[in-house]
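These are comments for a colleague who has the coordinates open. They take the points in turn, beginning with contacts inside the protein and ending with the nucleic acid.

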Amino acid sequence: MSPINITRLYQKLAKNLPEAKSELAFKNHFELLIAVILSTQSTDKTVNKVTPTLFASCPTPVAMLAMGQSRLATIIKPIGLAPAKSKNIINTCKIILEKHAGKIPGTREELEQLPGVGRKTANVVLNEGFDKPTIAVDTHVFRVSNRTGLAPGKTVLTTELKLLEVTPEKWLKNAHHYLILHGRYTCKAKNFDCQYCVIKKECGFTEKTNN
DNA sequence: AACTCGGGGCA
DNA sequence: TGCCCAGAGTT
C-alpha cells in the first residue's frame, strides 16, 4: 500500500478552492464565539444574515444578558434551532461574566464548559480566534478524511487527531475549509462523481460506486 | 447509540 | 415538496 501524497492533496485543493476561508463576520473574540455557536447545523452565510443586527445591539455579554433569551430567540430565528441556541448563548454569557471576567477563554477545556460549545465549535474558536493548531471536524471533513484515506478514524475525535498528525503545518490553518468545501461540492455523501475530482490521483478511494 | 431540535439549501 | 444536514445536549 502506498501512502497518499498529503502535501500534494492539499496543494491541489488549495488551487481549486482559493476562496476556502471562514466567511463568518466578527470583530472580536466575543462575536466570534457567538457566531460559531450560531453556526451549529447552519452555514456561515446564513449566520451572517443576523449577526450584524445582533452585535449592533449586543456587543458584549452584559448587553446580551440585558437583551434576554426571548428577544434573542426572535432575532436569530432565521438561523434555526433558535430556542436551544438562545438559551445556550445566555447561559454562556453568564459563565463568561462570572468565571472569566467577561473575557472569552482561550483553552479547549474552558471553551467546552460553555453551553452550546462542543469539540467542533471549540476547535473553530481556537483556530480563528487564538491561532491554535486545531482542525474542526464536522460530518463533511469526517467523510472526506475517511473516504480518501487522508485520516481514517472510527470516530470524529480519532479522525481529528489523525488529521493533526498528518497535516503539514503550512496547511493547518485552513485544512478545515479545504476539506469541508471539497466534501460539500465534490466528495458529497451521496451522488458524488469522482470524474470531476481534482485529487482523484491522491485519493485512496477505489470503489467508484457512484449514484 | 439513538433521538431531537428547525430553518436553509437543494434536487 | 421532500430530503438532508457547516452538531450539541439529553436520555
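1. Between domain 1 and domain 2, 4 residue pairs are in polar contact, with both partners at pLDDT 80 or more. On the side of domain 1 that touches domain 2, α11 (156-166) and α13 each supply at least two residues. The largest share of that side comes from α11, with 3 residues. Sorted by class, the side of domain 1 that touches domain 2 holds 6 nonpolar, 2 polar and 3 charged residues. Bear in mind throughout that this is a predicted model.

2. The domain assignment of chain A puts residues 6-20 and 135-196 in domain 1, and residues 29-130 in domain 2. Domain 1 is thus written as two segments in that assignment. Taken over C-alpha atoms, the centres of domain 1 and domain 2 are separated by 26 Å. To the contact, domain 1 contributes 11 residues and domain 2 contributes 7 residues.

3. How much area do domain 1 and domain 2 bury between them? The figure is about 660 Å², of which 44% is on carbon and sulfur atoms. Within domain 1, the residues losing the most area to domain 2 are Ala136, Glu160 and Lys173; together they make up 53% of what that side buries.

4. The rule finds 2 salt bridges across the interface of domain 1 and domain 2. A salt bridge joins the side chains of arginine 119 and glutamate 160, with an N to O distance of 2.7 Å. Glu160 also appears among the residues of domain 1 that lose the most area to domain 2.

5. Turning to the nucleic acid, DNA strand C is surrounded by 20 residues, and the closest are Gln41, Ser42, Gly116, Thr139 and His140. Of the atoms of DNA strand C that come within 4 Å of the protein, sugar and phosphate account for 57%. The surface near DNA strand C is made up of 5 nonpolar, 10 polar and 5 charged residues. At least two residues of this surface come from each of α9 (119-130), α10 (139-148) and α13 (175-185).

6. Which part of DNA strand C does glycine 116 approach with a backbone N or O atom? The partner is a phosphate oxygen, at 2.5 Å. Lysine 120 places a polar side-chain atom 3.0 Å from a phosphate oxygen of DNA strand C. For lysine 190, the distance from a polar side-chain atom to a phosphate oxygen of DNA strand C is 3.3 Å.

7. The residues around DNA strand B are Gln41, Thr46, Lys49, Lys77, Pro78, Gly80, Leu81, Ala82, Pro83 and Ala84. Sugar and phosphate make up 66% of the atoms of DNA strand B that come within 4 Å of the protein. Gln41 is listed around DNA strand B and is also one of the closest residues to DNA strand C.

8. By class, 5 nonpolar, 3 polar and 2 charged residues form the surface near DNA strand B. Helix α7 (residues 82-99) gives the most to that surface, with 3 residues.

9. Sugar or linking oxygens of DNA strand B have several polar partners. An N or O atom in the side chain of threonine 46 lies 3.4 Å from such an oxygen. For proline 78, a backbone N or O atom is 3.0 Å from a sugar or linking oxygen of DNA strand B. Leucine 81 brings a polar backbone atom to 3.2 Å from a sugar or linking oxygen of DNA strand B.

How values were computed. Residues are numbered from 1 along each chain as its sequence is written. Chains are lettered from A and ligands numbered from 1 in the order in which they are written. This is a predicted model: local features need pLDDT of at least 70, side-chain atom pairs count only at pLDDT 80 or more; totals for chains, interfaces and linings use all residues. Side-chain values use heavy atoms; hydrogens and water are left out. A residue is near a molecule or strand if one of its heavy atoms lies within 4 Å of it. A polar contact is a pair of N or O atoms within 3.5 Å; within protein, one must be able to donate a hydrogen and the other to accept it, and residues adjacent in sequence count only if both atoms are side-chain atoms. Helices (H or I, at least four residues) and strands (E, at least two) are DSSP runs, numbered from the N terminus. Ala, Val, Leu, Ile, Met, Phe, Trp, Tyr, Cys and Pro count as nonpolar, Asp, Glu, Lys and Arg as charged, and the others, Gly among them, as polar. Domain bounds come from an automatic or database domain assignment. Contact means heavy atoms within 4.5 Å. Buried area is the accessible area (1.4 Å probe) that two parts lose on being put together, summed over both. A salt bridge is a side-chain nitrogen of Lys or Arg within 4 Å of a carboxyl oxygen of Asp or Glu.
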